[in-house]
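I am keeping these notes while looking through a structure that is new to me. Each entry says what I looked up and what I found.

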Amino acid sequence: MIEARHLRVLRAVAGTGSFSAAARELGCTQPAVSQQMKALEQSAGTPLLIRAGREMRLTQAGTALVRHAAGILAGLTAAEEEVAAIAGLRAGRVRLVSFPSGSSTLVPTALAAMRAAHPGTRISLVEAEPPRSVEMLRDGDCDVALAFRYAGAEGPSGAGGGAAGGGGSAAAAEWDDLVVRPLLTDRLVGLLPEGHRLAGAERLDMAELADEPWIAGCPRCRRHLVEVCEGVGFTPRIDFATDDYPAVAGLVGAGLGVAVLPELALESVRAKGVSTVAVEPAVEREIVALTLPDLARVPAVAATLAELERAAAR
């Protein structure tokens, strides 16, 4: 019989590449990890790991077992949490991962409401941009992922696509194995230095900024910016790139270039020396909360999704 604790150890060994590193991650000893791997291989009836120098590598059987482990462990977690909530033993826990502009706007309101309504629920927060946050959800490293994708995105990562319009079938399939809770549509706005020749415009075409130096954001946003600009006839000259939205605004305010930022991000940024302007073609991203189907039935997870929806509606 394959035991859940053995699967957790196998995932740790696969992720870290060694028994000692897995032991540190799990908070146990290296001999304990070795013993549990031996027990798992006996249960499986075939080798799962091979030593390659100082690293441990998965066999074909080990790779297959790790692939199934995330879903198995998520199902067990869902069962434990739901049974515990029904039995009144504890309110539950939620591990939330969010991208930075969501962390500074939607998440505080939602978590404050959760604490007030469910003081026994333990909620943790870490930050990651999609697609990494979605990978964490599928790997069982979080329970809810706040994520985004651009309208008209194409490809498995949702990073490509046109500037406007609805998402295509490839984008829709990106999360087809997950529970998707739509929260809001976030439009990108242009950022110009206050003294820029177009700073007073109500609206401008992206093509009017073809000769400007650009400041780009996160990798997914950066790729989408390039595709939007190429869609209207030019390739942007990106002089600076940073995942930090206040840094983007600061660089624009210092006259070092132009940028586009989501309206959600601007809510928590003090943009000194910056003028905002609507841009065409319209660039929108869909903000969603994601979880696994099994986890969606956990009361604490369901309550967190509901509070994120309420926060987005305000």
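**Entry 1. Enclosed space.** I looked for cavities of 30 Å³ or more and the count came to 1. The model is predicted, so I take every value here as computed from it. How much space lies in the largest cavity? I noted about 140 Å³. Its lining is made by 15 residues, and Y150, L188, C221, L225 and V260 are the ones nearest its centre. I then looked up which elements give two or more residues to that lining, and they are β8, α8 and β10 (259-262). Helix α8 gives the most, with 4 residues.

**Entry 2. Around β8 and α8.** Two of those elements turned up again when I looked at strand pairing. Strand β8 covers residues 213-216 and strand β9 covers residues 237-241; the two pair in the parallel sense over 4 bridges. I picked W214 and looked for its bridge partner in β9, which is I238. Helix α8 spans residues 219-231, and with β8 and β9 it makes a β-α-β unit. I wrote down the hand of this unit as right-handed.

**Entry 3. Open space.** Next I looked up the largest pocket, which holds about 510 Å³ of space. It is lined by 23 residues, and the closest to its centre are R11, L73, D139, G140 and D141. Which elements each supply at least two residues of this lining? I listed α1 (4-16), α2 (19-26), α4 (60-87) and β3 (93-98).

**Entry 4. Helix α2.** As α2 is on that list, I checked its buried residues. F19, A21, A22 and A23 are buried in this helix. I asked what covers them, and the cover includes α1, α3 (30-44), β1 (49-52) and β2 (55-58). Just after α2 I came to G27, which takes a positive phi of about 75°.

**Entry 5. Salt bridges.** I searched the whole structure for salt bridges and got 15. My reminder to myself is that side chains of opposite charge can pair when their charged atoms come close. I followed three of the pairs.

The first pair I took is E3 with R5, whose side chains meet at 2.6 Å, N to O. E3 has 30% relative accessibility and counts as partly exposed. R5 is also partly exposed, with a relative accessible area of 46%.

The second is R285 with D186, a salt bridge at 3.1 Å, N to O. R285 lies in strand β12 (residues 284-291) and D186 in strand β6 (residues 179-193), so this pair ties together parts that are 99 residues apart in sequence. Are these two residues buried or exposed? R285 is buried, with a relative accessible area of 1%. D186 is buried as well, at 3% relative accessibility. I noted the cut-off here: a residue counts as buried under 20% relative accessible area.

The third is R203 with E280, where the closest N and O atoms are 2.8 Å apart. This pair links distant parts of the chain, since R203 sits in strand β7 (residues 203-205) and E280 in strand β11 (residues 274-280), 77 residues apart. I looked up exposure again: R203 is partly exposed at 47% relative accessible area, and E280 is partly exposed at 29%. Salt bridges with shared partners join R187, R203 and E280 into one network.

**Entry 6. Two single residues.** I looked up S103, which has its place in helix α5 (residues 100-117). S103 counts as buried, at 10% relative accessibility. Which residues does S103 touch, leaving out those up to four places away in sequence? I found S98, P108, L125 and E127.

I then turned to I123, in strand β4 (residues 122-127). I123 is partly exposed, with a relative accessible area of 27%. Not counting residues up to four places away in sequence, I123 touches V94, L111, M114 and T304. I also looked up its distance from A32: the two are 91 residues apart in sequence and 30 Å apart in space, C-alpha to C-alpha.

Conventions: Residues numbered from 1 in each chain as written. Predicted model: local features only at pLDDT ≥ 70, side-chain atom pairs only at ≥ 80, totals over all residues. Heavy atoms only, no water. Pairing = 2+ DSSP bridges. Right-handed = clockwise from strand over helix to strand, strands pointing away. Salt bridge = Lys/Arg side-chain N within 4 Å of Asp/Glu carboxyl O. Buried < 20%, exposed > 50% of the residue type's maximum accessible area, 1.4 Å probe, protein only. Contact = heavy atoms within 4.5 Å. 1 Å grid on protein atoms, 1.4 Å probe; cavity = no way out; pocket = protein on both sides within 12 Å on 5 of 7 lines; lining within 4 Å. Points joined across faces, edges and corners; volume = space filled by probe spheres on them.
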